[in-house]
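Take a walk through the inside of this protein. The route covers its enclosed spaces, its open pockets, one helix and one loop residue.

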Amino acid sequence: MFNKIIRPRRLRISENMRALVRETTLSVKDFVYPIFVVPGSNVREEIQSMPNCYHLSVENAVELAKKISALGIPAVEIFGLPEYKDEIGSSAWDMTSPVQRAISAIKKAVPELLIVGDVCLCQYTSHGHCGKLCGSYVDNDETLKLLQKVALSQAQAGADIVAPSDMMDGRVAAIRAALDENNFANVVIMSYAVKYSSGFYGPFRDAADSAPQFGDRKQYQMDFANSREALREVELDLAEGADIIMVKPALAYLDIVSRVREKINQPVAVYNVSGEYAMVKAAAQNGWIDERRIVLESLTAMKRAGADIIITYHALDAANWIN
Ligand code: PBG
């Protein structure tokens with residue numbers, strides 16, 4: 001009877017045997033590291049709810065970008081706090097805003113490092129919503145015109161990739177048209193196609209001062225109870241010309257990543273968001289978990305689910321651990 005036992009354990013017998021049959025491996029080339037730029041000079045302030053992440057003035061962001069590139073990480077995503085906010089978020093396309101200045105300065109200092117611009121308005125509007133208001137409704141079509149300006153300004157500054165995160169309908173087509181008309185046919189669109197209305201964005205909204213001043217984002221971000229709707233959003237964004245599809249947040253949504261992966265042939269990105277990062281950091285600081293194990297396990301799970309690209313605040317640590 002014993003010779004009938006089938007023994008999967010044979011392939012787990014040693015580290016080299018496991019390595020030989022491993023299905024998923026993490027690489028520093030998978031990562032995009034988000035950075036937060038602020039006005040002023042000489043600023044380097046730790047973000048309270050995101051340990052080891054900093055508000056940086058432009059010259060300090062450049063220094064960090066050099067380190068990121070030296071670690072082999074291929075890309076950074078730039079978020080910013082503007083000098084001023086107004087009803088329509090016009091500092092989002094102001095070429096003298098920290099984001100645009102940081103994009104140019106990083107491109108100049110480290111040309112090979114890919115730069116992703118987050119195309120949204122919530123950090124720049126006085127009301128904290130991701131578009132132009134009409135009463136308490138975010139006006140979709142009016143917002144598209146503003147998003148075109150944001151994407152163009154980032155492309156002009158030197159962004160390689162623009163990543164619309166606003167969740168307006170039709171924004172990918174609008175941005176593609178604006179880029180193409182202005183000689184930016186090679187600027188990539190990484191669409192936050194599947195972005196859920198999520199409690200996991202909490203620390204980011206503190207860091208970016210972007211919490212809505214009234215209501216929430218449920219009019220435009222997706223209901224976390226839905227998965228078929230995610231496939232519909234992906235289909236629409238691909239039809240509009242998205243080059244890369246993102247699912248966000250990551251860990252609670254790996255079923256969605258996996259469904260999207262099965263459905264499409266384009267690259268899939270996940271955003272391992274601020275709340276996911278903060279929970280790991282808090283537990284690690286309390287000595288309740290082994291940070292390195294938890295992070296590498298989680299990032300590998302994102303890849304196993306089907307992500308090609310992982311946007312994560314853990315990228316620096318993970319790169320050091322992998323290298
Ligand atoms: C802007 C934007 C948000 C995040 C990325 N781009 C916040 C939001 O939608 O409220 C969240 C990133 C994170 O939590 O790490 N719209």
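A cavity is a set of grid points where a 1.4 Å probe fits but cannot get out. Its volume is the space filled by probe spheres set on those points. The model is predicted, and every value below is computed from it. By that definition, the second largest cavity has a volume of about 50 Å³.

Which residues line the second largest cavity? They are L251, N272, E276, V280, I294, V295, S298, L299, M302 and H314. Two elements, α9 (274–285) and α10, give two or more residues each to this lining. The largest share comes from α10, with five residues. By class, the lining has six nonpolar, three polar and one charged residues.

Now step to the other enclosed space. The structure holds two cavities of 30 Å³ or more. The largest has a volume of about 150 Å³. Its lining takes in 19 residues, and the closest to its centre are C122, K195, Y201, F204 and K248. Strand β9 and helix α6 (202–208) each supply at least two residues of this lining. How do the lining residues of the largest cavity divide into nonpolar, polar and charged, and how many fall in each class? Nine are nonpolar, five polar and five charged.

Between β9 and α6 runs a loop, and G199 sits in it. Is G199 buried or exposed? G199 is exposed, because its relative accessible area is 74%, and the cut-off for exposed is over 50%. G199 and E276 are 77 residues apart along the chain, yet their C-alpha atoms are separated by 9.9 Å. E276 has already appeared, as one of the residues lining the second largest cavity.

Next comes helix α8, residues 254–263. Its buried residues are L254, I256, V257 and V260. Seen down the axis of α8, they fall within an arc of 150 degrees, so they line one face of the helix. The helical repeat helps here: an α-helix has 3.6 residues a turn, so residues three or four places apart point the same way. The face of α8 turned away from the buried side carries the exposed residues E262 and K263.

What do the buried residues of α8 pack against? Three strands are among their partners: β9 (188–195), β10 (244–248) and β11 (268–272). Helices α7 (228–240) and α10 (291–305) are partners too. Two of these elements are familiar. Strand β9 helps to line the largest cavity, and α10 helps to line the second largest.

Finally, look at the open spaces. The largest pocket holds about 310 Å³ of space. R22, E23, T24, T25 and L26 line it, together with E297, T300, A301 and R304. Its lining has two nonpolar, three polar and four charged residues.

The second largest pocket has a volume of about 250 Å³. Of the 14 residues that line it, the closest to its centre are R44, Y54, L64, K67 and L316. Strands β1 (31–37) and β3 (50–56) and helix α2 (58–70) each give two or more residues to this lining. Here the classes are nine nonpolar, two polar and three charged.

Key: Residues numbered from 1 in each chain as written. Predicted model: local features only at pLDDT ≥ 70, side-chain atom pairs only at ≥ 80, totals over all residues. Heavy atoms only, no water. Buried < 20%, exposed > 50% of the residue type's maximum accessible area, 1.4 Å probe, protein only. Helix = DSSP H or I, 4+ residues; strand = E, 2+ residues; numbered from the N terminus. Arc of directions from axis to C-beta. Contact = heavy atoms within 4.5 Å. 1 Å grid on protein atoms, 1.4 Å probe; cavity = no way out; pocket = protein on both sides within 12 Å on 5 of 7 lines; lining within 4 Å. Nonpolar A, V, L, I, M, F, W, Y, C, P; charged D, E, K, R; others polar.
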